[in-house]
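Please examine the sequence and the three-dimensional structure below before reading on.

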Amino acid sequence: MTTHQELSGGSDEELRDRMLRTHESRFNDSYWAVVSQHVVPRLPPTPSIVDLGCGPGLFLRDASQRIPGAKLYGFDLTPAMVEHARTLEYAGDPPALGALDVLKQSIPLPESSMDAVFMSAVLHLFDDPFMFLRSLRGVLKPTGTFVLYDWVRIALADYLNRPLREAVADPIAERRRQMKLFAAHNRYTAEDWRWVLGEAGFDIVADEAPTAKWFRVFVATPKRARR
Amino acid sequence: MVPCLCGYAEKGPEVTGPGDGPVLRDQALRRQLERYEVRYNEAFWSFFEARVRPELPEAPVLVDLACGPGLFLLDVSKLLPAAVLHGYDAGRDMIEGAAMLQYAGAPPTLGVQDVERKRLPLKDGSVDLLSIAAAMHTFDDPWPLLDEVRRVLKPLTGRFLLYDWFRVPMRDYIAQRLEEPGDAPDDRYPRALQMFAAHNRFTADDWRWILAQGRYDIVAAASTHARARAWLAKPI
């Protein structure tokens with residue numbers, strides 16, 4: 001797997017800081033409206049929720065406020081992200097956090113223990129999403145919900161011409177960086193994601209693009225467990 | 001460069017480390033040989049005869065970038081024995097393989113060359129046809145090469161032949177790869193997953209846009225394989 005840092009050419013700390021700066025635009029009210037409509041009604045009163053690839057923890061912080069009573073877990077490949085997540089203030093109990101390479105280590109959660117698994121902007125990096133999704137299904141309750149929030153393919157011209165969240169100092173270097181990112185961010189079309197989830201044993205119960213046409217939320221449940 | 005592993009990138013320094021390099025290079029060479037017939041099939045040669053050859057003089061100067069083990073140059077030398085051929089590739093083993101072939105006409109001038117980053121060892125306005133197959137999808141920035149191609153092509157009459165993969169749905173890509181040669185049957189599924197991103201980097205529309213942004217007009221195009229398309233273009 002190529003990491004975000006390798007793709008964008010930055011350090012762990014630079015990636016962390018960029019994620020902090022851009023968090024609000026990615027996890028805005030439109031995103032949470034999808035979660036409120038399609039995920040929260042499926043959860044028990046005190047759900048167990050894990051964010052795989054939790055970054056610097058801002059999603060978990062938001063979840064602690066928006067889903068009161070949730071028991072939260074967060075894992076990330078990058079220790080700098082986990083360290084930052086430990087410094088945040090949460091509405092309820094702080095999440096259990098840890099550094100984890102999900103492609104090399106098993107998810108340190110009991111089998112069938114999670115009511116919801118959230119994964120944002122990570123799965124597109126995996127060459128083999130199916131192997132990982134099998135592990136993910138292992139920790140998800142049969143009645144649980146998987147929320148995949150990830151890049152979907154758009155045309156190269158649209159990708160390179162999309163408004164960037166941050167100012168660009170060197171346009172040529174930035175074009176080269178964006179071309180490199182394009183390969184990773186545009187690996188899957190929405191149709192591909194639907195196929196991947198179906199092949200991995202999930203039914204899709206919601207499929208929306210709340211923040212931009214190149215970022216989609218798929219709310220999925222293990223097959224034969226739809227409520 | 002995107003680590004494509006289809007053969008072109010596999011012979012570059014990103015993948016061929018000192019420990020396992022020789023094995024990977026052998027695999028890449030074998031894969032290039034086995035997959036050549038898949039890419040350079042009857043449909044491709046029909047396109048070449050109908051749309052490319054009529055654009056060329058009797059004894060064209062023809063350059064194949066990322067020429068691999070030289071099989072395209074070998075076939076071109078049969079079709080155009082008077083052609084003056086050049087082949088460049090990033091892999092020394094590929095060039096060594098190309099040098100061992102018996103060409104119908106004069107053997108090509110061959111060289112080890114990183115065609116993505118280095119200036120081509122060719123004079124301005126000296127080339128009738130420059131081709132590049134199944135390699136440009138690995139480039140992070142294709143436009144500097146398109147500028148370099150413009151420099152070496154003959155003004156007005158020079159042509160650029162881009163032959164590369166275009167995007168298809170993932171389920172189709174995986175299904176097709178499972179039926180194609182080049183890998184042991186047990187390796188085909190993991191390699192299909194591994195190569196999916198690189199081989200499906202650009203749609204046909206993306207390629208058209210890349211050529212237009214590089215200031216090329218498309219003269220002719222044809223899909224010669226379920227996932228590969230040939231574009232004959234000329235600089236604007």
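The following paragraphs treat the sheet of chain A, one of its strands, the helices that pack on the sheet, and the contact with chain B.

This is a predicted model, in which local features need pLDDT of at least 70 and side-chain atom pairs count only at pLDDT 80 or more, while totals for chains, interfaces and linings use all residues. Residues are numbered from 1 along each chain as its sequence is written, and chains are lettered from A and ligands numbered from 1 in the order in which they are written.

In chain A, seven strands form an open sheet with mixed pairing, in the order 3-2-1-4-5-7-6. Strands (E, at least two residues) and helices (H or I, at least four residues) are DSSP runs numbered from the N terminus, and two strands pair if DSSP finds at least two bridges between them. Strand 3 (96-99) and strand 6 (202-212) of chain A are the edge strands, each pairing on one side only. From one strand to the next, the twist averages 15 degrees; angles run from 0 to 180 degrees between N-to-C directions, with axes fitted as lines to C-alpha atoms, for helices over the stretch in contact.

Strand 1 (residues 48-52) of chain A is largely enclosed by the rest of the structure, because five of its five residues are buried. A residue is buried if 20 or more other C-beta atoms, placed from the backbone, lie within 10 Å of its own. A:S48, A:V50 and A:L52 point one way from strand 1 of chain A, A:I49 and A:D51 point the other way, and all are buried.

Strand 1 of chain A runs parallel to strand 2 (residues 71-76) of chain A, and five bridges join them. A:L52 has A:F75 as its bridge partner in strand 2 of chain A. Between these two strands the chain passes through helix 4 (residues 58-66) of chain A, in a right-handed β-α-β crossover: with the strands pointing away from the viewer, the path from the first strand over the helix to the second runs clockwise. Strand 1 of chain A is also parallel to strand 4 (residues 114-120) of chain A, through four bridges, and A:L52 stands opposite A:M119 there.

Strand 4 of chain A is in turn joined by six bridges to strand 5 (residues 140-151) of chain A, again in parallel. Helix 4 of chain A packs on the sheet, touching strand 1, strand 2 and strand 4 of chain A, and its direction makes about 170 degrees with that of strand 2 of chain A.

Between the chains, 17 residues of chain B are in contact (C-beta atoms, placed from the backbone, within 7 Å) with 17 residues of chain A. Helix 7 of chain B supplies the largest share of the side of chain B that touches chain A, five residues.

Notes. Buried ≥ 20, exposed ≤ 12 C-beta atoms within 10 Å, placed from the backbone. Contact = placed C-beta atoms within 7 Å.
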